[in-house]
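Subject: The structure I promised you

Hi there,

Here is the structure we talked about, so open it up and keep it beside you while you read. My notes on what turned up come right after it.

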Amino acid sequence: MSTVRQNFSNATPSLTGSMFSLHDFNEARKFFQIIFDRYVPGWEHNPVGLMGELWKSEGEPAIERLIDIARVIYDLDRGISRESMPALEHKVKQLLNCKDRDQFEELFTEMRIGAFLAVHAGTILCEPLAQPLNYKSRKQPPSPDFGIILPGWDALIEVTTLKVGALDDWDHALTIIKKRLEAAVNKAGLMKEIEIRAPLSVRAHELTKQGLISLIDKMRQEPDGLTEIKLGPATAKIIWRQVVVVNLPAGAIERDGFPIVPRPTKEHFGAIVAEGVTVLSAFASRVVPILDPNPEELFVASIRNVLKGKRKQFPDEIKNPSILIIQPRALHLSPDYLRYLIVERIWPKLDYDWLTGIGVFQSNSTYSYGVNAPRPKVTITWNPKAEVPRTKALHDLFENNVYFINGERIDTPQ
């Protein structure tokens with residue numbers, strides 16, 4: 001007798017405490033089927049790549065991510081111009097087959113920003129300077145990712161990822177360390193939230209099996225504690241605390257509503273609500289980079305490299321407001337600090353007068369309802385020396401949450 005493995009097609013999530021509802025889940029499931037039938041018939045029966053991992057996962061975090069992805073594709077599908085439909089097909093197929101996590105996140109960031117523009121600016125063009133689109137040809141002219149129609153002047157938008165080599169290596173190392181810690185904590189039946197503070201030169205392979213065993217033994221003996229571990233040329237500080245668990249009887253949430261859980265603080269950032277079940281183990285983590293006394297030059301050089309690489313996307317003969325939106329690959333690079341660097345170290349140079357502004361994209365950090373965490377948003381830093389300055393419509397779209405359609409301002413989104 002064969003068993004049917006749960007996946008997104010047949011899952012029955014509760015989504016308790018999530019910002020998404022069961023209605024959102026059902027609508028996402030229906031829309032994915034439309035997308036599969038249109039672009040990749042049968043994909044759901046043989047899911048591949050990172051999307052396939054999400055699709056086959058039985059955990060609610062994966063279900064929430066898929067609902068989010070479905071919403072982004074839906075908004076793009078509604079707002080993209082007819083001549084840009086080949087771009088949507090191209091991007092969806094890439095997303096469904098992508099196996100590299102960095103490429104996946106970069107592509108989804110581009111699609112998310114396109115969806116934001118589609119909702120706020122009405123119809124958008126993909127690669128507006130490369131029409132008609134032909135993805136079988138390698139000779140397409142350079143073009144920004146998106147074009148939007150606004151009163152007064154249409155605008156061009158390019159989306160990219162800011163890569164800082166040292167931070168990327170650090171992120172990779174810390175991801176490996178966190179996975180090993182999570183597996184060890186769960187195997188030991190512990191409930192721990194762990195903070196790792198590590199310099200950029202940390203090396204994941206230096207966390208030996210014996211070192212991990214010793215660390216878990218300390219966690220067994222001390223509910224809260226701190227230790228230092230030598231990881232290559234760097235020493236990392238590891239702080240652990242007991243995870244807060246709110247135990248409720250079965251049916252309590254449906255009867256009484258979702259409880260008030262301890263609000264995350266600087267010290268305690270993890271909490272679990274358990275309804276009618278016993279929590280055997282739990283793991284939450286966060287990581288903090290320990291930077292050199294003056295890392296500014298490292299970040300400025302990375303921003304300038306991005307700008308140099310994107311210059312060809314905005315030809316000199318095109319005189320439209322031009323926006324470059326960046327997302328730092330290293331999520332620990334503060335958007336506020338990035339904006340400070342743009343104002344103080346980028347705009348004073350005349351080399352960048354071809355840009356009207358640089359946006360910093362901040363993505364979801366959680367899908368939990370009521371958690372005081374950043375939601376997706378784009379914050380623009382405007383170039384005071386821009387050859388083509390910002391227009392009122394462009395300012396209103398990004399800073400005042402104003403909506404447009406077909407170049408006309410509207411009161412509410414369509």
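**Two helices side by side**

Let's start with α4 and α5, which pack at an angle of about 145 degrees with their axes 10 Å apart. The crossing of α4 past α5 is left-handed. On the α4 side, the residues involved are Lys91, Val92, Gln94 and Leu95, and they meet Phe104, Leu107, Phe108, Glu110 and Met111 of α5. Sorted by type, the residues of this contact are 6 nonpolar, 1 polar and 2 charged. Before you go further, please keep in mind that this is a predicted model.

Two of the residues in that contact, Lys91 and Glu110, deserve a second look. The side chains of glutamate 110 and lysine 91 form a salt bridge, with 2.4 Å from N to O. Lysine 91 belongs to helix α4 (residues 85-97) and glutamate 110 to helix α5, so their salt bridge ties together parts that lie 19 residues apart in sequence. Are these two buried or exposed? Glutamate 110 has a relative accessible area of 13%, so it is buried. Lysine 91 counts as buried too, at 8% relative accessibility.

**More salt bridges**

How many salt bridges does the structure hold? The count is 20. Another one to find is between the side chains of arginine 65 and glutamate 105, at 3.1 Å from N to O. Arginine 65 sits in helix α3 (residues 60-79) and glutamate 105 in helix α5 (residues 101-121), so this pair ties together parts that are 40 residues apart in sequence. Arginine 65 is buried, with a relative accessible area of 18%, whereas glutamate 105 is partly exposed at 30%.

Now turn to lysine 392 and aspartate 396, whose side chains meet in a salt bridge of 2.7 Å, N to O. Both residues lie in helix α11 (residues 392-399), 4 residues apart, which is about one turn of the helix. Why does that spacing matter? An α-helix has 3.6 residues a turn, so residues three or four places apart point the same way. The two partners of this salt bridge differ in how accessible they are: lysine 392 is exposed, with a relative accessible area of 59%, while aspartate 396 is buried at 6%. Elsewhere, salt bridges with shared partners join Glu195, Arg197 and Arg286 into one network.

While you are at α11, have a look at its buried residues, which are Ala393, Leu394, Asp396, Leu397 and Phe398. After α11 comes asparagine 401, with a positive phi near 55 degrees.

**Aromatic rings**

The structure holds 13 aromatic pairs. In one of them, the ring centres of phenylalanine 8 and phenylalanine 25 are 5.1 Å apart and the ring planes stand at 80 degrees, so the pair counts as edge-to-face. The cut-off for that label is an angle over 60 degrees. Phenylalanine 8 comes from the segment before α1 (22-39) and phenylalanine 25 from helix α1, so the pair links distant parts of the chain, 17 residues apart. Both of these phenylalanines are buried. They also belong to one aromatic cluster, made up of Phe8, Phe25, Phe32, Phe36, Trp43 and Trp55.

**Two residues to click on**

Try threonine 161, which lies in strand β3 (residues 155-162). Threonine 161 counts as buried, at 13% relative accessibility. Which residues does threonine 161 contact, leaving aside its neighbours within four places in sequence? They are Glu106, Val306, Gln327 and Arg329.

Then try arginine 71 in helix α3. Arginine 71 is partly exposed, with a relative accessible area of 40%. Not counting residues up to four places away in sequence, arginine 71 touches Phe20 and Asp24. The C-alpha atoms of arginine 71 and arginine 112 are separated by 9.1 Å, although the two residues are 41 apart along the chain.

**Zooming out**

The protein chain has 11 helices and 14 strands. Of its 414 residues, 48% are buried. For contacts between residues at least 6 apart in sequence, 69% join residues at least 24 apart.

Happy exploring, and write back if anything is unclear!

Key. Residues are numbered from 1 along each chain as its sequence is written. This is a predicted model: local features need pLDDT of at least 70, side-chain atom pairs count only at pLDDT 80 or more; totals for chains, interfaces and linings use all residues. Side-chain values use heavy atoms; hydrogens and water are left out. A salt bridge is a side-chain nitrogen of Lys or Arg within 4 Å of a carboxyl oxygen of Asp or Glu. Buried means under 20% relative accessible area, exposed over 50%, partly exposed in between (1.4 Å probe, protein chains only). Axes are lines fitted to C-alpha atoms, for helices over the stretch in contact, and angles run from 0 to 180 degrees between N-to-C directions. A crossing is left-handed if the near helix is turned anticlockwise from the far one by less than a right angle, and right-handed if clockwise. Contact means heavy atoms within 4.5 Å. Ala, Val, Leu, Ile, Met, Phe, Trp, Tyr, Cys and Pro count as nonpolar, Asp, Glu, Lys and Arg as charged, and the others, Gly among them, as polar. Rings of Phe, Tyr and Trp (its six-membered ring) pair if their centres lie within 6.5 Å; planes under 30 degrees apart count as stacked, over 60 as edge-to-face and the rest as tilted.
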